[in-house]
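This report walks through a set of computed features, moving from side-chain pairs to the fold of a chain and then to the contact between chains.

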2 protein chains.
Amino acid sequence: MAVQKSAAKRGRPRAYDPDVALARAMSVFWDAGYAATSLDDLRAATGMNRPSIYAAFGDKLALYRTLLDRYRETARSGMAQALAPEVPLREALARVYKAALALYLPRKADARGCFLIGTAVTEAARNAAVRASLAAGLKEIDAAFETRIRLAVDRGELPRRANAPARAKMASAALYSLAIHSRAGASRTELDAIVNAALDLICG
Amino acid sequence: MAVQKSAAKRGRPRAYDPDVALARAMSVFWDAGYAATSLDDLRAATGMNRPSIYAAFGDKLALYRTLLDRYRETARSGMAQALAPEVPLREALARVYKAALALYLPRKADARGCFLIGTAVTEAARNAAVRASLAAGLKEIDAAFETRIRLAVDRGELPRRANAPARAKMASAALYSLAIHSRAGASRTELDAIVNAALDLICG
DNA sequence: TGATTTTTGTACAATATTGCATAAAATTAT
DNA sequence: ATAATTTTATGCAATATTGTACAAAAATCA
């Protein structure tokens with residue numbers, strides 16, 4: 001059940017902004033994970049009451065799946081921007097990792113890592129829909145890296161014999177490592193060392 | 001509260017084998033994650049009744065932490081064995097990944113990935129003890145890779161200028177990528193491609 | 001045999017969680 | 001103004017979950 005974007009003409013107006021409510025719900029899932037988040041947590045975070053949440057977003061799983069889709073779109077567009085063809089490869093990859101870390105390490109809150117790695121991986125074992133969304137998200141990330149790396153090979157930024165799919169897989173793996181280490185409480189220095197290791201091995 | 005290994009001399013004997021019970025409890029957490037596992041799930045899996053579980057292993061968190069420690073020890077010894085100094089570097093790394101995938105993809109059950117990545121990463125955001133254990137586990141894995149790669153540099157298996165800590169970080173990242181993709185339902189072919197990408201970039 | 005020890009198994013009280021029923025409130029259409 | 005529509009807010013019944021109390025069971029010790 002999707003929330004209509006256009007303001008309804010009839011009836012009592014909504015007391016919440018769907019985008020704000022979704023962002024706040026996402027924050028709760030991001031911290032606690034899917035299973036540890038209760039509808040009462042979501043109610044408290046969004047300021048909505050329980051029936052409004054059900055009416056607007058469906059049950060907990062439906063809401064979570066909506067947020068997974070939103071996150072994938074955010075990640076996709078963020079990567080596309082960071083990997084712009086006019087930026088040199090090493091710098092482009094560095095921009096991806098920098099943007100990722102900005103997302104993984106909120107200034108005012110505890111480190112949380114990546115929404116997919118930090119919450120969907122656990123649920124994926126039992127929930128086929130989450131598993132499918134996670135798999136698709138991972139594929140999108142890898143495809144973005146691979147497209148840009150292939151361009152680098154075509155352009156001569158990398159040796160012609162360089163294996164673009166393989167390097168893309170390692171670029172993705174480094175991103176997941178950042179997500180994991182962020183949530184595990186790693187220092188900025190440790191995270192930067194992972195970034196530099198990835199840049200050196202992929203571009204060097 | 002640790003379970004005494006030696007058979008107690010007095011009192012009614014235990015109806016369960018602590019090692020078997022721990023293994024079964026681990027399997028439940030591994031599938032469902034920490035938060036989605038209830039004490040009743042653990043009771044059903046272990047065949048123990050609730051007070052026996054509390055008496056033997058403490059509450060859910062204490063039991064989970066015991067299992068985290070056990071897993072870390074399993075991983076540590078498995079890596080030490082796979083990375084034996086007499087085995088060439090590329091083969092040694094391949095052995096690590098092969099052993100990991102054997103653990104991540106049970107023959108008779110659904111893919112589950114790594115216990116740390118699949119269950120502890122989610123909990124790490126809110127639970128400092130889990131976060132610390134996860135961080136220590138990640139460090140152990142990376143240290144095992146780094147020790148073996150440093151040996152390879154010293155021996156001339158890798159160029160003298162090769163950056164052992166950086167390559168170890170990428171070897172670790174590839175392992176985490178396998179854990180994530182396993183749980184996300186990736187095919188054996190996709191997983192093997194990740195292994196080969198890692199071997200080529202780290203050893204090649 | 002009877003006392004002591006330890007574990008088991010049942011039961012239960014307290015609390016948490018879910019999903020919905022229902023009435024009131026706030027808006028638009030006529 | 002009145003009806004119709006949509007959302008809010010309270011509350012509740014059903015169920016799930018936790019941690020422990022208590023008595024019976026199964027062993028050893030004297």
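In this predicted model, a salt bridge joins Glu73(B) to Arg76(B), with the closest N and O atoms 3.0 Å apart. The two residues both belong to helix α4 (residues 60-82) of chain B, where they stand three residues apart, about one turn of the helix. An α-helix has 3.6 residues a turn, so residues three or four places apart point the same way. Glu73(B) counts as partly exposed at 41% relative accessibility, and Arg76(B) is likewise partly exposed, with a relative accessible area of 42%. Elsewhere, salt bridges that share partners link Asp40(A), Arg43(A) and Arg50(A) into one network.

A pair with a related arrangement is found in chain A, where Arg150(A) forms a salt bridge with Glu146(A) and the closest N and O atoms are 2.4 Å apart. Arg150(A) and Glu146(A) are four residues apart in helix α7 (residues 128-155) of chain A, and are therefore separated by about one helical turn. Their surroundings can be told apart by accessibility: Arg150(A) counts as partly exposed at 40%, whereas Glu146(A) has a relative accessible area of 19% and is buried because the cut-off for that class is under 20%.

Over all chains the structure holds 24 salt bridges. One of them brings together the side chains of Asp200(A) and Arg90(A), at 2.9 Å from N to O. Asp200(A) lies in helix α9 (residues 188-203) of chain A and Arg90(A) in helix α5 (residues 89-104) of chain A, so this pair ties together parts that are 110 residues apart in sequence. Both partners are partly exposed, Asp200(A) with a relative accessible area of 36% and Arg90(A) with one of 38%.

The salt bridges described individually here, together with one that crosses between the chains, are set out below.

| Salt bridge | Closest N to O distance |
|---|---|
| Glu73(B) and Arg76(B) | 3.0 Å |
| Arg150(A) and Glu146(A) | 2.4 Å |
| Asp200(A) and Arg90(A) | 2.9 Å |
| Lys139(B) and Glu190(A) | 3.0 Å |

Turning to the fold, chain A has nine helices and zero strands, and along the sequence its pattern reads α-α-α-α-α-α-α-α-α. The C-alpha atoms of chain A fill a box of roughly 65 × 35 × 30 Å when taken along the principal axes, and 50% of the 204 residues of the chain count as buried. Among contacts in chain A between residues at least 6 apart in sequence, 64% join residues at least 24 apart.

In chain B, helix α6 (residues 115-124) deserves separate mention, since ten of its ten residues are buried, so the helix is largely enclosed by the rest of the structure. Among these buried residues are Phe115(B), Leu116(B), Ile117(B) and Val121(B), and also Thr119(B), Thr122(B) and Glu123(B).

How many residues of chain B are in contact with chain A? There are 39, and they meet 39 residues of chain A. The size of an interface is often given as the accessible area lost when the parts come together. For chain B and chain A the buried area is about 3400 Å², of which carbon and sulfur atoms give 71%. Met170(B), Ile180(B) and Leu201(B) supply 19% of the area that chain B buries against chain A, more than any other three residues.

Charged and polar pairs also cross this interface. The rule finds two salt bridges between chain B and chain A, one of which joins the side chains of Lys139(B) and Glu190(A), and the count of residue pairs in polar contact, both at pLDDT 80 or more, is nine. On the side of chain B that touches chain A, α1 (18-32), α6, α7 (128-155), α8 (164-183) and α9 (188-203) of chain B each supply at least two residues, and α8(B) gives the most, with eleven residues. The residues of that side divide into 24 nonpolar, seven polar and eight charged.

Finally, the arrangement of the copies can be described by a single operation: a rotation of 180°, with 0.0 Å of shift along its axis, superposes chain B on chain A with an RMSD of 0.0 Å. That is the relation of a two-fold axis. The same surface serves both copies, as 100% of the contact residues of chain B recur in chain A.

Notes. Residues are numbered from 1 along each chain as its sequence is written. Chains are lettered from A and ligands numbered from 1 in the order in which they are written. This is a predicted model: local features need pLDDT of at least 70, side-chain atom pairs count only at pLDDT 80 or more; totals for chains, interfaces and linings use all residues. Side-chain values use heavy atoms; hydrogens and water are left out. Buried means under 20% relative accessible area, exposed over 50%, partly exposed in between (1.4 Å probe, protein chains only). Contact means heavy atoms within 4.5 Å. Buried area is the accessible area (1.4 Å probe) that two parts lose on being put together, summed over both. A salt bridge is a side-chain nitrogen of Lys or Arg within 4 Å of a carboxyl oxygen of Asp or Glu. A polar contact is a pair of N or O atoms within 3.5 Å; within protein, one must be able to donate a hydrogen and the other to accept it, and residues adjacent in sequence count only if both atoms are side-chain atoms. Ala, Val, Leu, Ile, Met, Phe, Trp, Tyr, Cys and Pro count as nonpolar, Asp, Glu, Lys and Arg as charged, and the others, Gly among them, as polar. Copies are superposed by least squares on the C-alpha atoms of residues with pLDDT of at least 70 in both.
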